[in-house]
Amino acid sequence: MSVMSSSELLQAQAQTWNHIFDFTNSSAVRCAVQLGIPDVLYKHGKPMCLSDLLSQLPLHPSKVSSMPILLRLLVHSGFLNQHEKDHYYYSLTPASRLLVRNEPLNIRSLLLINHEPFLQKAWFELSSWFQNDFPTAFHTAHGKSFWDYFTEKPRQGSDFNDAMASDSRLIADVFVKECKHVFEGLESLVDVGGGTGTVATVIAKANPTIKCIVFDLPRVVADLKGSGNLEFVGGSMFDEIPHVNAILLKCILHDWSDEDCVKILKKCKESIPSRDKGGKVIIIDIVMEDPTQSDEFVRAQHSMDLLMMILFAAKERTKKEWQKLFTEAGFTECKITPSLGLRSLIEIYP
Ligand SMILES: C[S@@+](CC[C@H](N)C(=O)[O-])C[C@H]1O[C@@H](n2cnc3c(N)ncnc32)[C@H](O)[C@@H]1O
Ligand SMILES: COc1cc(O)c2c(=O)c(O)c(-c3ccc(O)c(O)c3)oc2c1
């Protein structure tokens, strides 16, 4: 430290503080959402003055004077807008709007699951995992795999499915609007690991001539009923996948090791026809180290990368890593389109 000037030392101290306090913003956002701040601002429909906002929140009278402290952090971090007139006025930003209960494409359940003790416990064990021989940090925390945990804890399993469904609602909306070409000529499609069917439901509705199947573990789809051109099938993608024209894998391969991904992709290949008969696999996942992505996207991608390591000892992949998997599984061509925000659309052909 002696080589640092006083000003460098103080600058480093501030940076370290921000690294230490990184989780503070998420905790403040969770508090705001639980108190209904985004909902109240949304309902108001225009910038709301502090006293009106405070009057609409379920606060104990002794805590009202503390709320501006929470609000000023949320404004500073870009979660809320603050307009200065004669008083402070607050309004939603695009980010806080996605946490409004009545917003059809809200992702509240992702925020809430992020703070669930069973997941926090896995983060807590990260350094232990680096020093033990358990398969994952999640396993270190709970003595079982992420998927096995839900067999015994159905409430957490259902919270996880809701969180994934909220992510999928938003992506599916953009996917069917912006990637219509992906569905051209298809007669049937199976969403492997399709959870409770959010994406497949949107695809089935937008493409009434395509027979859509949601394929997931039996406990996930057991109580779900299809209708029209949508059907639910239980099973494991490591055994046999229903035979169709095209297979969708959204946020599946990043949960698995390279070895398991090759097994899954080989199973997919067995279930689709040749390329000239329309066979393909559609993957929606992150592509790391894409130089065209903005810092904000890259930061979120790194967070997901680390989460995949903690939960599954898996990872997000670079273009080169993806291509290696596809070649090993026997696919001959791959087309990557970075059209889904944090995620890319990857089409691979046998
Ligand atoms: C991360 S979630 C993705 C869900 C959905 N594709 C989405 O993006 O919303 C992974 C899904 O894989 C399912 N899954 C895990 N192991 C599986 C297996 N062996 N066979 C089929 N599905 C499996 C899980 O139940 C879960 O629904
Ligand atoms: C953006 O904010 C969050 C916060 C979270 O807490 C989780 C989380 O807990 C989680 O399991 C997942 C997740 C797990 C497996 C997947 O294959 C996947 O695509 C996502 O995403 C999360 C995202």
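Two strands pair if DSSP finds at least two bridges between them. The exercises below apply to a predicted model.

**Exercise 1. Neighbours of strand β4**

Task: Find which strands pair with β4, in which sense, and over how many bridges.

Solution.
- Step 1. Take β5, residues 211-216, as one partner: β4 and β5 run parallel and share 5 bridges.
- Step 2. Assign single residues in this pairing. L189 has C212 of β5 as its bridge partner, and D191 is bridged to V214 of β5.
- Step 3. Follow the chain between the two strands. From β4 it passes through helix α13, residues 198-206, to β5, and this β-α-β crossover is right-handed.
- Step 4. Take β7, residues 246-250, as a further partner: β4 pairs with β7 in the parallel sense over 3 bridges. Here V190 has I247 as its bridge partner.

**Exercise 2. Burial of β4 and β5**

Task: Decide whether strand β4 is largely enclosed or open, and state how many residues of β5 are buried.

Solution.
- Step 1. Apply the cut-off: a residue is buried if 20 or more other C-beta atoms lie within 10 Å of its own.
- Step 2. Count in β4, residues 188-192. Because 4 of its 5 residues are buried, β4 is largely enclosed by the rest of the structure.
- Step 3. Count in β5. Of its 6 residues, 5 are buried, and the strand is mostly covered.
- Step 4. Extend the sheet from β5. Strand β6, residues 230-234, runs parallel to β5 and is joined to it by 5 bridges. In this pairing I213 stands opposite E231 of β6.

**Exercise 3. The annotated residue H254**

Task: Locate H254, say whether it is buried or exposed, and list its contacts.

Solution.
- Step 1. Read the record. An unreviewed UniProt entry places the feature "active site" at H254.
- Step 2. Find the element. H254 sits in the loop between β7 and α15, the helix of residues 258-271.
- Step 3. Classify the residue. There are 21 other C-beta atoms within 10 Å of H254, so it is buried.
- Step 4. List the contacts, leaving out residues up to four places away in sequence. H254 touches D285, I286, M308, A314, K315 and E316.

**Exercise 4. The shells around the ligands**

Task: Describe which residues surround ligand 2 and which elements supply them, then describe the shell around ligand 1.

Solution.
- Step 1. List the residues around ligand 2: L110, I113, N114, L119, C251, H254, D255, L307 and L311. H254, the residue of the previous exercise, is among them.
- Step 2. Assign them to elements. Two or more residues come from each of α7 (108-114) and α16 (295-312). Helix α7 gives the most, with 3 residues.
- Step 3. Sort the residues around ligand 2 by class: 6 are nonpolar, 2 polar and 1 charged.
- Step 4. Turn to ligand 1, which has 17 residues around it; M164, S168, G193, G195 and S236 come nearest.
- Step 5. Find the main contributor to the shell around ligand 1. Helix α12, residues 154-178, has the largest share, 3 residues.
- Step 6. Sort the shell around ligand 1 by class: 8 nonpolar, 5 polar and 4 charged residues.

**Exercise 5. Two partly exposed residues**

Task: For C49 and L170, give the element, the exposure class and the contacts.

Solution.
- Step 1. Place C49 in strand β1, residues 48-49.
- Step 2. Classify C49. It has 16 C-beta neighbours inside 10 Å and therefore counts as partly exposed.
- Step 3. List what C49 touches, again without residues up to four places away in sequence: H87, Y88 and Y89. Between C49 and Q82, 33 residues apart in sequence, the C-alpha to C-alpha distance is 9.5 Å.
- Step 4. Place L170 in helix α12. With 18 other C-beta atoms within 10 Å, L170 is partly exposed.
- Step 5. List what L170 touches under the same exclusion of residues up to four places away: L105 and I107. L170 and T198 are 28 residues apart in sequence, and their C-alpha atoms are 9.7 Å apart in space.

**Exercise 6. The annotated domain**

Task: State how much helix and strand the chain has over residues 123-331.

Solution.
- Step 1. Take the range from the record: an unreviewed UniProt entry lists residues 123-331 as "domain: O-methyltransferase C-terminal".
- Step 2. Read the composition: 48% helix and 15% strand over residues 123-331.
- Step 3. Add the end-to-end distance: the end C-alpha atoms of this range are 36 Å apart.

How values were computed:
Residues numbered from 1 in each chain as written. Chains lettered and ligands numbered in written order. Predicted model: local features only at pLDDT ≥ 70, side-chain atom pairs only at ≥ 80, totals over all residues. Buried ≥ 20, exposed ≤ 12 C-beta atoms within 10 Å, placed from the backbone. Right-handed = clockwise from strand over helix to strand, strands pointing away. UniProt positions renumbered as here; feature names shortened; annotations may be inferred. Contact = placed C-beta atoms within 7 Å. Near = placed C-beta within 6 Å. Nonpolar A, V, L, I, M, F, W, Y, C, P; charged D, E, K, R; others polar.
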